[in-house]
Amino acid sequence: MGKQWKTIFLVLWMLIAPMSVLSQVLSGRVTSGTDGTPLAGATVLVRGTTMGTSTDANGMYTLSLSPGSYDVTFSFVGYTPRTVSVSLTANEQRTLNIVLQSTSVTTDVVVVVGTRATSRTVTDSPVPIDVLSAQELSYTGQSTFDKMLQYRVPSFSVSQTPVNDATALLDPWEIRNMGVSRTLILVNGKRKNLSALVYTQTSPSRGESAVDISAIPVDAIKRVEILRDGASAQYGSDAIAGVVNIVLKDNTDGGTITINSGVTGEGDGERIGFSLNNGSAIFDNKGFLNYTVDLSRVNEARRSGLVNADAEADPGLGFGANITDVRNFLAYDKYAGNRNSAPATSAGKFLFNTGVNVSDNTEFYANGAYVYKKVNSFANYRTPYWRTYTAFPYLADFFGTGDSASYRGYLPTFEGDLVDYNATFGFHSRQNQWNIDVSFTLGLNSQDYTVHNSHNRSDIRDSSSIILNTPNESKEPDETYLYRENSPISFKPGGTEFSHQVWNLDISRAVSDKLNVAIGSEFRSETFVVVPGDQASWDGIGADSFAGIRPENSGTFNRYNFGGYLDVSYDVTPSFLLNGTIRNEYYSDFGNAFVYKLSSRVKAWEDRLTLRGSYSTGFKAPTLHQIYTQRVQYSFVPGGAIQSIGLVNNVSPQARQLGVKPLQPEESTNLTVGIGAKLSNDFNITFDYYDIAITDRIVISNRVPFGAGEVEFFTNSIDTKTSGVDLVVDYRNLALGSGMLGLSLAGNVNLVNERDGAIPQVGGTNVIDATQEALFFTSRPKEKAVLGITYEMEGLGLSLNNTYFGSTEFQQTGIDPNLKTVFDPKVVTDIGLTYNLLENVTLNANVNNVLDVLPEWKFEALNPAGTAILADPAQVWAQTMLLTFNGRYDVMTYDGYHFSQLGRIFNLGLTYKF
C-alpha cells in the first residue's frame, strides 16, 4: 500500500509542479494591420522549443512560460510573420498585442519610381505603377527574374530563340512591344549598366542592347516597382516605355538556404541550384547587411526537328547534294546532327545590400553585385554533304580518322563567358528639412566568345571575304596564312565590353504640406570596347560559323553626358495633385536633349477612386554599340542556308559613301490616362490607356548594295506609333475554409503598333523591309493576359497561373513574299505547391506548362497569289522547308517565340529558414 501511495504522490507532483513553475503568463491579441480585425487561428510559437498555441475567434492567445527570455513568432496565412523578444520574471503576467501586416504589396506601399519630388504610395501616384513582392514573383515557379516578370506582367515579353550565337547569353525582353532598349532598369533607384551585346540577328529587339536582368539573383529581391509610363524627364535616356526598379532585401532577422532542381518532361534540361540569403544588424544595430549567393547549372535541352532528305538534296531548298549521300547520313542521324536547344548554362552570382546610420540624420548606403555566366551552345551542324570531303579532304583528319568513310561532318560550338558587375555607394542626409542624396554607381558587362570544332576554310586564293574598315584605316586582306589543312579547330573570335560610371546628386524638400520640389543632376561616362579575335578567327572568311572580330573593327570608344532636372509637385487639394518635371542633358557626341513631363491625379469616393493622366516627351540616346559596332555576321536565310553579311558602323567610310547620317537620339511623346478603384482594402482595379509616338527610331538597315557586295548599317530610319490598354484586377485575402484565397487578373492589349510614314531609301533600296517590320511590330503578342489564383492555409500554399499569349506574325526573308507566318494564340498553365515540412523547412514544388503546350504556326496568305500557293500542297511543303531549314526548326522556326519550346518542366526545391 505504501508503494501505491508513493506512486500516486509522484504522479500528482509531476502534474502539479510544472503548473507552479509555469505561473508566468504571456497573453494578448493578434490583429490585422490592414483593418484592425482579429486574426483567428494565428500561430504563436516560442522559437527553439515545442511550446506554442493558436489565437481564438477573437484573436486572443495565452502562453504559460517559465521565467526567462524568449523569441516568440506570430504568423498567419497571407501575413508577414513577426518575431518579438520577451523577458518574463517570476510570476509576471504580461500583455503583448501584435499587429501583422499583409504579405501582399498593397497600394499603400511607398514607391521610389514615378516622381522625383517626394515618394508616394501607388494610390497617390499620378502614373500607373505595378508593385510585385518577392512572394508574388515566386508564385510563377520560374527560375530567373526575366521569366518571372514574363509570367506575371502582361506588358512584359521575353523572346527565346533556338540558335542565335551571342543571343544565347541573354534573351531579349521588353515592355509594351517597344524594344528592349526603351525601358530603364534601376537597382535601388540607381541606373543599371547595359550589356555589351547588341542583337544583330533576326530576332525581336534587333539592333538594340539590353540590361541583363536574368543575372539578378531572385532571392536578393524584396520587391519590384514597374512604372508603365514615359519617364525620360525624371531619369534621362531609355525611359520611353517605362522604368523597372528592383528593390533589394534589407531584412536583418536571419535568412534562408534554398536548394532547387528541375527537369523537362523529356528528361533533359536538368537544373540544380543553391542559394543563400542572409541578413543581420551591424554596428550595434545602427545598420544592416544583407547578402545573397546564388549558384546554378542548367543542362542542354534539345528539341531538334527531323530533317527532310528530299529538301536537303534540292538545290533551291538545300545543298543540291546527292540524294543517296543525304539519305545515308540521315539514316545515321535523322536530325542531321543539329542541336536546336536551350543551351547549357552555368552561373555564379553574388549580391549585397547594406546601410549604416553614421549620424542622427545621415545614412551611408551601398549595394553591389558580381555575376559570372558560362553558356555552351551550338551552330548548325555542317553535314558531310554540306562541307564535303571532296572540297575539304583535310576535314577527315580534323573530324574523322583520315579517310572519307570516317568523315561525318562536324558541329561548331559557340561558347560565351559573361561577367556583369555593378556597385553603388552613397549618402542620404536630412538637413534643415532638405533631403540630400549623393551617390556614385559603376557597372560593367563583358562577353568573350570561343568557337570549337570549326576551321578556317580560306586560302590565299579566296577573295570572298568581307573587309570592313574604320574611318581612319584602310587594310587589305592578310595573305600571310594558308589555312584549310593548316587551320586550327578552336578559335577566340573576340568579344565586347560595356561599362559606365554615374554620379548623382538629388535634393528635395517639402516646402509646405502642399508643395514639394526636387532638383538634381547626373554625370555619366560610358565606355564600349570591341576586342579583336585571334587572326585565324577573322582572316579571310574566318572561322566557319562565327567569324572573329578584325583588328580594324575593334577599338575603345567613350562618351559622357551631363544633365539636370527640376521636379515640382503641388497638392491643390488633398485629392487634386499636379506634377511637372523638366530635364536637359548634354551628350558629348550629339549635343543637347530637352524633355518635360506633366501629370495629374484626382481622388474621389473617400480616396477609393483615382483618375490620373500624364503627358511627356522623351528621348533615347544612340548607344555606343549602335554607333561603333562593325562585323561580319553569319545568319540563316531561307533558301540560302547560312550567309555572311557585313555590318558597317555608323561613322565608317562606307556609311558616309552611302549618305548615312550620324546617329541622333530618338524622340518620343507619351500620353497615359487611367482610372484606379480601391473597392476595399483587398480589392483593387486599374485601367490605363497609353499612346507612344517615336520619331527617328534607330534600326539596323536592310542589306544595301555596296561595291561588289551588300552591307547593313545603323540609322535613324522610321517613325512609329504604339497605343494600347492595361488592366489589373487584384482581390486578396478572401476567407475560404481555413485559408485565404487570392485572385488576380492582368491583361495588356496593343491596339496599334505600326510604322508612321514612308520608309526612307539609301542607294535606291528601302532601309527596312517586310521582315524587319514584322520584327518591330507583330513578332510579339498583340494581347497577353495572366490569371492567377492562390490559396494559403497554415503550412500549405497552392497556386495556379494561366498565361495567355496572343498571336504573332513574321515575314521571313527567303519565303514567298505573298505569305506570312502566324503563331497561334496559346494558354500556358503553371501549378505550384508550398508545404512547411517543419517549422523552418519548406518544400516548394511546381510544374511549368503542366499541359505541355507548344508553339504552333501556320502560313497565311497576304493576297490572292498567296492563297494560290496555299492551295498547292507541293508549294506549301517547299515553303515549310525554306522556313524550318528543311525541318531542323519545325516548332519555333528560326526566329523564336515567346514561351519555351521545351514543354512541361518539373521543379522541386527545399528552403531552410534560420
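At the start of H13, which side-chain oxygen reaches to within 3.1 Å of the backbone nitrogen of Ala-874? The oxygen belongs to Asp-872. A polar contact here is a pair of N or O atoms within 3.5 Å; within protein, one must be able to donate a hydrogen and the other to accept it, and residues adjacent in sequence count only if both atoms are side-chain atoms.

Before going further, some ground rules. This is a predicted model, with residues numbered from 1 along each chain as its sequence is written, and local features need pLDDT of at least 70. Side-chain atom pairs count only at pLDDT 80 or more, totals for chains, interfaces and linings use all residues, and side-chain values use heavy atoms, leaving out hydrogens and water.

**The overall picture**

The protein has 13 helices and 49 strands; these are DSSP runs (helices H or I, at least four residues; strands E, at least two), numbered from the N terminus. Of its 914 residues, 57% are buried, where buried means under 20% relative accessible area, exposed over 50%, and partly exposed in between (1.4 Å probe, protein chains only). About 35600 Å² is exposed, and carbon and sulfur atoms supply 57% of that; the areas come from the Shrake-Rupley method with a 1.4 Å probe. Take the contacts (heavy atoms within 4.5 Å) with a separation of 6 or more: residues 24 or more positions apart account for 70% of them.

**Two helices**

Back to H13, which spans residues 873–883 and buries Ala-878, Gln-879, Met-881, Leu-882 and Leu-883. After H13 comes Phe-885, with a positive phi near 55 degrees. Helix H11 (residues 770–777) has seven of its eight residues buried, so it is largely enclosed by the rest of the structure. The buried set runs from Thr-771 through Gln-772, Glu-773, Ala-774, Leu-775 and Phe-776 to Phe-777, and it packs against strands S36 (683–700), S38 (709–736), S39 (739–755) and S44 (808–810). Asp-769 caps the N-terminal end of H11, with a side-chain oxygen 3.2 Å from the backbone nitrogen of Thr-771.

**Strand pairings**

Two strands pair if DSSP finds at least two bridges between them. Here are three antiparallel pairs:

| Pair | Bridges | Partner residues |
|---|---|---|
| S2 (residues 43–46) and S3 | three | Val-44 and Thr-53 |
| S25 and S26 (residues 434–451) | 17 | Asp-420 and Asn-445 |
| S26 and S27 (residues 491–510) | 17 | Gln-447 and Thr-496 |

S2 and S3 belong to an open, antiparallel sheet of four strands in the order S3-S2-S5-S6. Its edge strands, S3 (52–54) and S6 (82–88), each pair on one side only.

S25 and S26 form a hairpin with two residues between them, and Asn-432 in the turn has a positive phi of about 50 degrees. Further back, Asn-422 lies in S25 (residues 413–431) and is buried, at a relative accessible area of 11%. Leaving aside residues up to four places away in sequence, Asn-422 touches Lys-192, Asn-193, Asn-367, Gly-368, Ala-369, Leu-442 and Gly-443.

**Nonpolar cores**

A nonpolar core is a set of buried Ala, Val, Leu, Ile, Met, Phe, Trp, Tyr and Cys residues joined through side-chain atoms within 4.5 Å. The largest one has 55 residues, and Leu-149, Trp-173 and Ile-213 have the most contacts inside it. Apart from that core lies another, of 22 residues, including Leu-317, Phe-810, Phe-823 and Leu-882. That last residue, Leu-882, is also one of the buried residues of H13.
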